[in-house]
Number of protein chains: 2
Amino acid sequence: MKLEKITNKSRRYEDACGTAHALDLIGERWAMLVMRELMLGPRRFGDLRAGLPGVSANVLTQRLEGLEAAGVVRRRKLPPPASVQVYELTDWGLEAEPFIKGLGKWAARSPLHDPSLPLSAVSMMLSLRTMFRPDPAIGSLTIGFQFGEEAFHARVRDQALTTGRGEAGDADVVIAAPPPTVAAAVYGFAPLPPEAVATGDREAFDRFATLFELPDKAG
Amino acid sequence: MKLEKITNKSRRYEDACGTAHALDLIGERWAMLVMRELMLGPRRFGDLRAGLPGVSANVLTQRLEGLEAAGVVRRRKLPPPASVQVYELTDWGLEAEPFIKGLGKWAARSPLHDPSLPLSAVSMMLSLRTMFRPDPAIGSLTIGFQFGEEAFHARVRDQALTTGRGEAGDADVVIAAPPPTVAAAVYGFAPLPPEAVATGDREAFDRFATLFELPDKAG
DNA sequence: CGGCATCCGGGAAGATACTG
DNA sequence: CAGTATCTTCCCGGATGCCG
């Protein structure tokens, strides 16, 4: 049953082109978005469901199986006492980040793009990596983000941005707000509500926000 | 009927993430491969079918409609006496080249990749752009390719590669062979058969071939 | 709750035949 | 040559249920 699916060639592009092979591997519905959700570290099945609005459990199971068979995703059992199973990208899977961001940056120019839709915490953090402008990024800045239970941080230094999971002890400011609210503030759609500043200096966030810009619309 | 399809939200990712929106626009089956075939210039319906092994006419029609609605593809009627209809990428559609190549380069590292499958002329030329190594590319070199009726050229100068449709009057060598044969020679799987050299200096092609390299397999 | 199997309805993709 | 019409097959999405 499982073997049939993997060896089933009928639905594959019979094409030596690398792009076609990429679509054989990760071109099915939801596959690249699963990879997106894993881009910032391992996640549990339920975490993935939460970050992927509308995916059904059986489809998510199929995708994870397919991505595992392709060598893009690995499942790992955390040691006791945690003993939970998590999914994570392989090294090679992690190398997909540039074109996954490239897709996002390109599509942000679409006139049909609707920024008011839901946005996962991972999407928010990845969008920072995508839309960062190194040129005006002088000085150092550290921002903490608290999205419900999940903590992230972003650090600007030497005209480079690094982001990741976890709190930053040295944050200039910690923002606690839903991802869409933070996105709206960073990209200038709506000012950050005062209550979103959990601790620290709001002005640091405002400087941070000037370092990101959405591309112009196409057409 | 057509409007229903475009406004039908049921199959869309309800996600503000740019990557998700990209997949709304060009994530359907065959869509990115249609874009690939248009990357080197306008094509007719039949040309696209020929370059896309296995696509059926109705699906190709649907994709072209969808890509046109998304603003990625434009249909144009050539002036008389030609009067044929062609499809071409918009400027924005053309900007997809980096991540389409990125997908290909990434997937070329897959252990499951099978280079012996069919390869279209456009795929062949795009793979050159993808796998070019600037560092060893000293000197100048111009190669012509004749794939059946279609002519292409590649030019190396100042450690940069340019490729496009049409013959090059100043080619050092002109290769006339099927795209897979040329690919096998460029990437070192099989030597170029002598009869593939239509005119010019075979050794020029051999030097050219050293400028391209497939990435190592992952895992 | 996490993960996976199963069934079902709708719809997209594939194959083929057909038309201007 | 450039699509359209039709039929079949299969994937996707939703619901349910099982089991640890």
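1. Start with α5(A): in this predicted model, that helix contributes the most to the surface near DNA strand D, namely 4 residues. The elements that each supply at least two residues there are α5 (57–70) of chain A and, from chain B, α4 (45–51), α5 (57–70) and β2 (85–89).

2. It is worth pulling up the residues themselves. There are 19 around DNA strand D, and those that come nearest are R29(A), W30(A), N58(A), R63(A) and R44(B). Sorted by class, this surface holds 9 polar, 5 charged and 5 nonpolar residues.

3. What part of the strand faces the protein? Among the atoms of DNA strand D within 4 Å of the protein, sugar or phosphate accounts for 70%, with bases making up the rest.

4. Do have a look at N58 in both chains. An N or O atom in the side chain of N58(A) sits 2.4 Å from a base oxygen of DNA strand D. For N58(B), a polar side-chain atom is 3.1 Å from a base oxygen of that strand.

5. R11(B) addresses another part of the strand: one of its polar side-chain atoms is 3.2 Å from a sugar or linking oxygen of DNA strand D.

6. Finally, the two protein chains. Chain A superposes on chain B by a rotation of 180° with 0.0 Å of shift along the axis, at an RMSD of 0.0 Å. The two copies are therefore related as by a two-fold rotation axis. In chain A, F99(A) has the C-alpha nearest that axis, at 2.4 Å. Both copies use the same surface, since 100% of the contact residues of chain A recur in chain B.

Note on methods: Residues numbered from 1 in each chain as written. Chains lettered and ligands numbered in written order. Predicted model: local features only at pLDDT ≥ 70, side-chain atom pairs only at ≥ 80, totals over all residues. Heavy atoms only, no water. Near = heavy atom within 4 Å. Polar contact = N/O pair within 3.5 Å; in protein donor to acceptor, adjacent residues only side chain to side chain. Nonpolar A, V, L, I, M, F, W, Y, C, P; charged D, E, K, R; others polar. Least-squares fit on C-alpha atoms with pLDDT ≥ 70 in both. Contact = heavy atoms within 4.5 Å.
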